[in-house]
Amino acid sequence: MSQIVKLEEKVKAKGWEIAEELHGLFRERGIFVVNLIGSPGSGKTSLLEALAPSVRGRAAVIEGDLQTDEDKQRIERAGLRAYQINTVAACHLDAGMIRNALARFPLEGINLLFIENVGNLVCPAGFEIGEDIKVAVVSVTEGDDKPAKYPKAMRVSTGLVVTKVDLLPHLECDVERMKRDASAQQPNIAVFTTSARTGEGLVDFLRWIDGLARARG
Amino acid sequence: MHELSFATQILDRVQQEARNFPRSKVTRVRLSAGELLCIENASLTFCLEAIAAGTVMENAEIEIAEVPLELECAQCGRTPVASALEPHCPRCGEIGTLVAGTDLIIEEIEFNEPDSEA
């Protein structure tokens with residue numbers, strides 16, 4: 001006779017309690033946290049550099065990369081405080097890494113924190129790291145099929161930033177298709193078409209983030 | 001990829017329960033996975049089998065049921081919804097509460113007869 005234990009018990013992913021703790025801490029301090037996820041080279045760092053002048057003095061950035069602190073240096077040159085996490089081999093940031101980073105990176109005086117995840121449109125979608133929202137970053141040079149091919153990234157994201165639209169004249173990329181495919185996964189996803197080079201779309205994107213931060217309170 | 005972080009928590013919980021059945025092995029674990037978590041069943045099964053080697057859960061059958069997202073609305077009752085980030089009822093537009101599809105649940109753990117062949 002086999003014996004069956006009816007458990008009906010929730011299981012949380014390892015690390016969820018750290019993510020909850022971080023989320024509480026950010027809330028307490030009035031910091032709105034945006035977790036940027038996107039492929040290597042999608043333009044996440046350039047987007048932040050372009051936003052930097054508008055949020056100087058009130059925003060900071062945590063950078064995630066396997067190696068180098070080049071992104072941290074770029075952000076600092078753009079005028080924001082930055083901290084670099086090197087994951088060495090890991091394909092995404094986890095909440096434990098963010099907690100460790102905060103021990104060395106004080107957040108006084110800011111109300112906005114961008115966390116640039118490791119370049120990867122798959123794994124970062126599966127992890128909470130204490131953020132308020134995830135924003136997916138997809139460039140037009142990657143091809144208009146990416147939202148359809150990476151549905152989970154769309155599904156967990158509150159916003160989609162399409163980058164490098166200044167290059168559209170040179171490409172066959174249907175931005176409307178990207179919007180359609182993203183909306184199919186996430187009906188209310190806010191889509192921003194941007195260019196870090198020309199500044200297109202940046203004001204709208206930032207205004208949207210600030211609106212969400214105010215709504216959160 | 002995040003399946004492994006769920007798998008380790010499941011194994012922990014199963015091992016904890018197994019202490020109540022010291023002469024049995026786990027033969028089956030029945031799970032239900034909420035749509036929101038985007039868990040890949042094959043990947044979760046693979047992770048569980050991999051980390052179960054040498055434990056009381058080794059060779060246990062893993063069953064994973066998929067649970068779609070559902071919103072509970074005061075007017076319309078339970079309704080399937082496409083996204084957890086949209087809190088409004090698709091029928092009447094009122095704000096509702098997600099009541100299904102958001103969690104990974106260990107439904108049942110089955111142990112074999114004490115001291116029988118695992």
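What follows is a walk through the nonpolar cores of this predicted model and one strand of chain A.

In soluble globular proteins, nonpolar side chains tend to be buried together. Here the largest nonpolar core has 59 residues, and those that touch the most other members are Leu113(A), Ile115(A), Leu160(A) and Val162(A). Helix 2 of chain A, spanning residues 44-55, supplies the largest share of this core, namely six residues. A second core, separate from this one, holds 23 residues, among them Val11(A) as well as Ala7(B), Val26(B) and Cys47(B).

Ile115(A) deserves a closer look: leaving aside residues up to four places away in sequence, Ile115(A) touches Val33(A), Asn35(A), Leu36(A), Ile62(A), Leu93(A), Ile98(A), Ile129(A) and Glu131(A). One of these contacts, Ile62(A), leads to strand 3 of chain A, where Ile62(A) points the same way as Ala60(A) and Gly64(A), while Ala59(A), Val61(A), Glu63(A) and Asp65(A) point the other way. Strand 3, residues 59-65, is largely enclosed by the rest of the structure, because seven of its seven residues are buried.

The pairing of strand 3 can be followed to two partners within chain A. With strand 5 (residues 112-116), strand 3 of chain A pairs in the parallel sense over five bridges, and in this pairing Val61(A) stands opposite Phe114(A). With strand 4 (residues 81-86), the pairing is again parallel and runs over six bridges, with Gly64(A) standing opposite Ile85(A). Strand 3 and strand 4 of chain A also belong, together with helix 3 (residues 70-77), to a right-handed β-α-β unit.

Methods: Residues numbered from 1 in each chain as written. Chains lettered and ligands numbered in written order. Predicted model: local features only at pLDDT ≥ 70, side-chain atom pairs only at ≥ 80, totals over all residues. Core = buried A, V, L, I, M, F, W, Y, C linked by C-beta atoms within 7 Å. Buried ≥ 20, exposed ≤ 12 C-beta atoms within 10 Å, placed from the backbone. Helix = DSSP H or I, 4+ residues; strand = E, 2+ residues; numbered from the N terminus. Contact = placed C-beta atoms within 7 Å. Pairing = 2+ DSSP bridges. Right-handed = clockwise from strand over helix to strand, strands pointing away.
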